[in-house]
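Trainee: Got a minute to go through this one with me? I'd like to talk about cysteines and rings.

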Amino acid sequence: MPANLTLSIETNAGGVAKSTISYNLAYELGVRGYSVALLDIDPNESLTLFCGLGEVKALGTMANVYDPGFKGNWPLVTAWQGKIDRIQVCKGGKDLHETIREISKDLRGAYILADRLSDYPLSHDFVIIDCPATLEPLPLTALAASSHVLIPIQPEYKASQSAAAMIEWYYYNCKRLRLKPIPKILGIVPTRWKSDWGAHRSIVEELPLVCKNLGIQYFSPIRESADILNASGRGLPLGIYRPGKEARGDFLPIVDALVQELKVIRGQ
């Protein structure tokens, strides 16, 4: 089985469009012919809803994957059937609140998801993990399971400090968990960007230098868009809801980077 790329979307704040990024990246990768498993480890299950699966019956959720009795039967549901058949989702939900408590008591709690993916590997080209807007404990399990990390941040006045705090969290926990190899930071991407806001423009002008000094790739911002908002409300990616809109192109540099990284993993 060919190796896959596992990407976690990590953030220390809510409202940074991590779920929006996750499912739009998955769709754009699917359009290019790659298969993608989306793992929703957020109790708020935004990703599940954005994929139009809120009312879809499933055999289980990510809580079942974390359960000690899990035997490899990943409860995956296909998203957007009839439009594309390469994207599958393992739903999140409220049961993950109990998962958080169980992980906290488990001596190997931070490695549970990595163990699951190692013992019962997924055959998809990409695995994308949508994390909750906190840094413990579920995002730690995603970090330990990932080959790559993407960090979205909002272009607010504390954006530089926010980015630095995330990088500090990343290095501290990679060392603490003794991850070898450590997941690669794919890059930092500003989100919900409003080009007509002077504050947003000045911060976005500053961030590339911050990223350069940190030795991390900077992705051009993902704009705040009514089309993106409406698409998520309808449970559709932008590429299905409004395929010709400029906002769709905001995701493509990240997609290009992911495809290139997969080729590196596979020695292509």
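Trainee: Why is Cys174 not in a bond with Cys131?

Mentor: Because the sulfur of Cys131, the closest cysteine sulfur, is 13 Å from that of Cys174, too far for a bond. A disulfide here is a pair of cysteine sulfur atoms within 2.5 Å. Bear in mind that this is a predicted model, where local features need pLDDT of at least 70, side-chain atom pairs count only at pLDDT 80 or more, and totals for chains, interfaces and linings use all residues. Residues are numbered from 1 along each chain as its sequence is written, and side-chain values use heavy atoms, with hydrogens and water left out.

Trainee: How many disulfides does the whole structure have?

Mentor: Zero, from a search of the whole structure. Cys90 is in none either, and the nearest cysteine sulfur, in Cys51, is 12 Å away.

Trainee: Is Cys90 buried or exposed?

Mentor: Buried, at 0% relative accessibility. Buried means under 20% relative accessible area, exposed over 50%, and partly exposed in between (1.4 Å probe, protein chains only). Cys174 is buried too, at 4%.

Trainee: OK, rings now. How many aromatic pairs are there?

Mentor: The search finds seven. Rings of Phe, Tyr and Trp (its six-membered ring) pair if their centres lie within 6.5 Å; planes under 30 degrees apart are stacked, over 60 edge-to-face, and the rest tilted. One of them is Tyr23 with Trp80, tilted, at 6.1 Å centre to centre and 40° between the planes.

Trainee: Which cluster do they belong to?

Mentor: Ring pairs link Tyr23 and Trp80 with Tyr27 and Phe50. Tyr23 is buried at 0%, and Trp80 is buried at 7%.
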